[in-house]
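Visitor: Please take me through this structure, beginning with its strands.
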Amino acid sequence: MRRCCVVGLCLAACAGEAALPGPSELPPRLPVAAATDPMFDDALAFDPLPPPRPTSWRALFDEPGQSYLDYVSTLPRRPDGERLYLLPLAEMGTAFVVDAEVTYIVRTPRPQAMTTLLAAYYGVPATVLPRVELDTLVEPDRVRAGHEQFKAQTLLRATATRVPDDAYSMTSLMVQDVFFDDAQAYGFGFGQHRDGQAVVSFARLDPVVSGLAREPDVLERLPARAFKLLVHEVGHTLGFEHCTAHRCVMNGIADLEELDETPLHLCPECLRKLLYVRPMDLRERYAALRGIYAELGLDAPRRWTEDRLARLEREAARPAAP
Ligand SMILES: [Zn+2]
Ligand SMILES: [Zn+2]
């Protein structure tokens with residue numbers, strides 16, 4: 001039976017909004033060599049998605065996925081000297097939240113760590129804006145189970161005037177609940193390419209906030225959960241829709257279990273999308289990310305990135321075919 005609401009979810013608002021252009025309107029850079037490029041063709045490194053559980057995002061939402069060519073056909077904007085901005089709407093680091101009827105502590109990564117990771121991940125410089133208190137922007141749209149909840153679309157209208165002129169996109173950072181669909185119990189975030197804005201909520205990364213049992217190692221799990229949500233929502237601002245090709249940071253995420261299963265990396269299909277809007281040397285990208293993951297204690301992404309980097313370096317060292 002389908003659940004009428006989910007523990008947490010986020011959705012690319014750009015899905016299905018624009019008609020696809022005809023072939024003559026496509027931009028000139030197409031994936032001529034990518035399909036046979038060993039950098040992308042490694043089934044061991046890029047796991048397929050398993051069949052969905054009844055509570056998985058793919059069981060709750062019938063989304064078609066987005067291939068590389070689907071993406072290119074949307075004519076995504078390319079960063080051109082612009083920046084990714086983060087707008088904290090509360091204290092980051094450790095926030096003590098006094099909500100409508102509940103109080104709880106939210107631990108988030110440091111803003112500087114977020115910008116460092118995003119800049120290396122997407123190849124676009126990232127900057128943290130001065131904090132703006134959420135209650136100076138919008139009123140909560142509703143109260144659910146003691147939590148004030150803010151509708152993403154309303155919030156992003158309120159923050160639109162604060163998007164800097166040189167922004168590729170701006171992502172607001174919250175420690176209270178966000179939702180975009182009235183059927184949601186709460187969401188993890190929301191992002192869209194069209195308006196270049198996203199919002200991430202770190203409120204529910206600790207299951208105790210949702211009245212669930214806290215894992216013994218929850219403090220070790222929190223950073224990876226937070227960075228996955230951040231990278232995912234910023235990915236939506238680049239026009240990446242939910243991925244159904246492989247396990248990928250752009251997979252739809254319905255709950256903490258699915259968030260924990262989601263990797264921090266982009267799958268080959270989504271990596272091609274990134275290289276389309278932001279061409280870069282993949283080995284340099286992975287080397288930078290490896291160092292950042294090590295510094296942040298993100299062990300699983302660090303190990304995966306090291307393996308990937310070693311694979312690419314072996315390929316680069318192989319003599320060319322005669
Ligand atoms: Zn999403
Ligand atoms: Zn993907």
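Guide: Two strands pair if DSSP finds at least two bridges between them. Helices (H or I, at least four residues) and strands (E, at least two) are DSSP runs, numbered from the N terminus. This is a predicted model, in which local features need pLDDT of at least 70 and side-chain atom pairs count only at pLDDT 80 or more, while totals for chains, interfaces and linings use all residues. Residues are numbered from 1 along each chain as its sequence is written, chains are lettered from A and ligands numbered from 1 in the order in which they are written, and side-chain values use heavy atoms, with hydrogens and water left out.

Visitor: So in which sense do β9 and β10 pair?
Guide: They pair in the antiparallel sense, over four bridges. In this pairing, G189 stands opposite V200 of β10. The hairpin of β9 and β10 has four residues between the strands, and G196 takes a positive phi near 65° there.

Visitor: And which way do the residues of β9 point?
Guide: G189 and G191 point one way, F190 and Q192 the other, and all are buried. Buried means under 20% relative accessible area, exposed over 50%, and partly exposed in between (1.4 Å probe, protein chains only). In a regular strand the side chains alternate between the two faces of the sheet.

Visitor: In what order do the five strands form the sheet?
Guide: The order is β4-β1-β7-β10-β9, in an open sheet with mixed pairing. Strands β4 (126–128) and β9 (189–192) are at the edges, each pairing on one side only. From one strand to the next, the twist averages 20°. Strands β7 (residues 167–174) and β10 (residues 197–201) run parallel and are joined by five bridges. One of the partners is A198 in β10, which is bridged to T171.

Visitor: Which strands does helix α3 lie across?
Guide: Helix α3 (residues 111–122) lies across β1 (83–88), β4 and β7, and it runs at about 165° to β4. Such axes are lines fitted to C-alpha atoms, for helices over the stretch in contact (heavy atoms within 4.5 Å), and angles run from 0 to 180 degrees between N-to-C directions. Helix α4 (residues 152–159) lies across β1, β7, β9 and β10, at about 125° to β10.

Visitor: New topic: what coordinates the zinc ion (ligand 2)?
Guide: Its donors are the SG atoms of C243, C248, C267 and C270, at 2.3 to 2.4 Å. Donors are N, O and S atoms within 2.8 Å of the metal (3.2 Å for Na, K and Ca); water is not among the atoms, so sites may look incomplete. In sequence, these donor residues are spaced C-x4-C-x18-C-x2-C.

Visitor: Which parts does the pair of C248 and C267 tie together?
Guide: C248 lies in the loop between α5 (218–237) and α6 (256–261), and C267 in the loop between α6 and α7 (268–277), so the pair ties together parts 19 residues apart in sequence. C248 is buried, at 0% relative accessibility, and C267 is buried with a relative accessible area of 0%.

Visitor: What are the protein donors of the zinc ion (ligand 1)?
Guide: They are the NE2 atoms of H232, H236 and H242, lying 2.1 Å from the ion. The spacing of these donor residues in sequence is H-x3-H-x5-H. H232 is in helix α5 and H242 in the loop between α5 and α6, ten residues apart, and this pair links distant parts of the chain.

Visitor: Is H232 buried or exposed?
Guide: H232 counts as buried, at 0% relative accessibility. H242 is buried too, with a relative accessible area of 4%.
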